[in-house]
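Biologist: Could you take me through the aromatic contacts in this one? I'd like a close look at how the rings sit against each other.

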Amino acid sequence: MFTSNTLNSSIRQRIAKGVAGATLATTALTAMSAISVAQADFPQRDIRMIVPWPAGGGADAISRKISSLAEESLPTSIYVENIGGAVTATGLMQLGQARPDGHTIGVLTYDSVVTLPRGNMVPGYSLDNLEPFARVTQEADAIVVSEQSGYSSYEELIAAAEADLGTVRIGVAPEGSGPYLAVRRLEKATGVTFNVISYPGSSTAEAEALLSGEIDAAISSLGDFSGILSSGDALGVVELSGSQNAAYPDVPPISEFGIDLETGSFIVLAAPANTPEDVIETLETTYHEAYQSDEFQEWVTSIGVAPGWLGSEEVNEWIESYQQKTFDAMDELNL
């Protein structure tokens, strides 16, 4: 039997629970609101862009150009930091360990997507720690010869290599890289043997070797060698592609010589894994606007690089497909 005191006690307990529940609900709503406001205010400070190569190469130039245009639509700046080493792993491991709030982003290249995962080269490196949100370029590799080499065409280069196997010196990035795989595939397709010399780091080292006469030819993108091509110190003789590069109409695609060999490089932008979706969306939108600008399109084409946009919904699937095709080619050559 309830007494008035029992009834009053029950009512007081219900009221207390109600107040506590309301307090918890208010606290939760406040927290959610704070998170929403924080994310809506992104960016709250300057954005750090990690380029995992030394300054001066093609990846560095493209990253700086598109970031300088992207920051025009933001209330803060985007500054580039070059952190080379371990075939891009040094910089990208820093990216993967950064706070996932969008204020640290970085650049993935061929080595980040293929070379490192293929060889398990660096303990702790994993693409699972990164969230790609855009691809901005996709460019073919090419064979460039030095002015001192005496070669003026792809046919002359191959003829010389065929006449005296192992004497034509060709510079590429280290074993496992795209250019290294390309020269081995070219040797198999043509039956020649090159004197392959590896240069760690960016294509800047290969450009210097071409200028000094240390090598006869080198493999990288035409954009990477744009400086020595425009000065006349080097000549592009073939692009490892199935179609003509409009920016370099005098450099034929290798398909013209009956060889099916397409390889090249790309620039993918990424944030740390677990970066909030709305922050990723802001980054993607900001860089897409920069990518679509007339200034970027004209500039990137002028250096011989093909623009090639993929958004966050497409780029991960593309990376997986690209990896598989490349790994299959490596298996075929026992690399």
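**Rings against rings**

Modeller: Sure, and keep in mind that this is a predicted model. Let's start with Tyr322, which is buried, at a relative accessible area of 16%. Tyr322 pairs with Tyr110 in an edge-to-face arrangement, with 6.2 Å centre to centre and 85 degrees between the planes. That angle is why the pair gets the edge-to-face label, since the cut-off is over 60 degrees. Tyr110 sits in helix α4 (residues 110-119) and Tyr322 in helix α11 (residues 312-332), so the two rings tie together parts that are 212 residues apart in sequence. Tyr110 is buried too, with a relative accessible area of 7%.

These two tyrosines have company: Tyr110, Phe266, Trp318 and Tyr322 make up one aromatic cluster. Trp318 also has a charge over its face, because Arg135 lies there at 4.7 Å from the ring centre.

Now for another pair, Tyr154 and Phe257. Their ring centres are 4.6 Å apart and their planes are at 40 degrees, so this pair is tilted. Tyr154 comes from helix α5 (residues 154-163), while Phe257 is in the loop between β8 (234-239) and β9 (264-272), so here the parts tied together are 103 residues apart in sequence. The two partners differ in exposure: Tyr154 is buried at 4% relative accessible area, whereas Phe257 counts as partly exposed at 28%.

If you want to keep browsing, a search of the whole structure turns up nine aromatic pairs, among them Tyr110 with Tyr322 and Tyr154 with Phe257.

Conventions:
Residues are numbered from 1 along each chain as its sequence is written. This is a predicted model: local features need pLDDT of at least 70, side-chain atom pairs count only at pLDDT 80 or more; totals for chains, interfaces and linings use all residues. Side-chain values use heavy atoms; hydrogens and water are left out. Rings of Phe, Tyr and Trp (its six-membered ring) pair if their centres lie within 6.5 Å; planes under 30 degrees apart count as stacked, over 60 as edge-to-face and the rest as tilted. Helices (H or I, at least four residues) and strands (E, at least two) are DSSP runs, numbered from the N terminus. Buried means under 20% relative accessible area, exposed over 50%, partly exposed in between (1.4 Å probe, protein chains only). A charge sits over a ring if NZ of Lys or CZ of Arg is within 6 Å of the ring centre and within 35 degrees of the ring normal.
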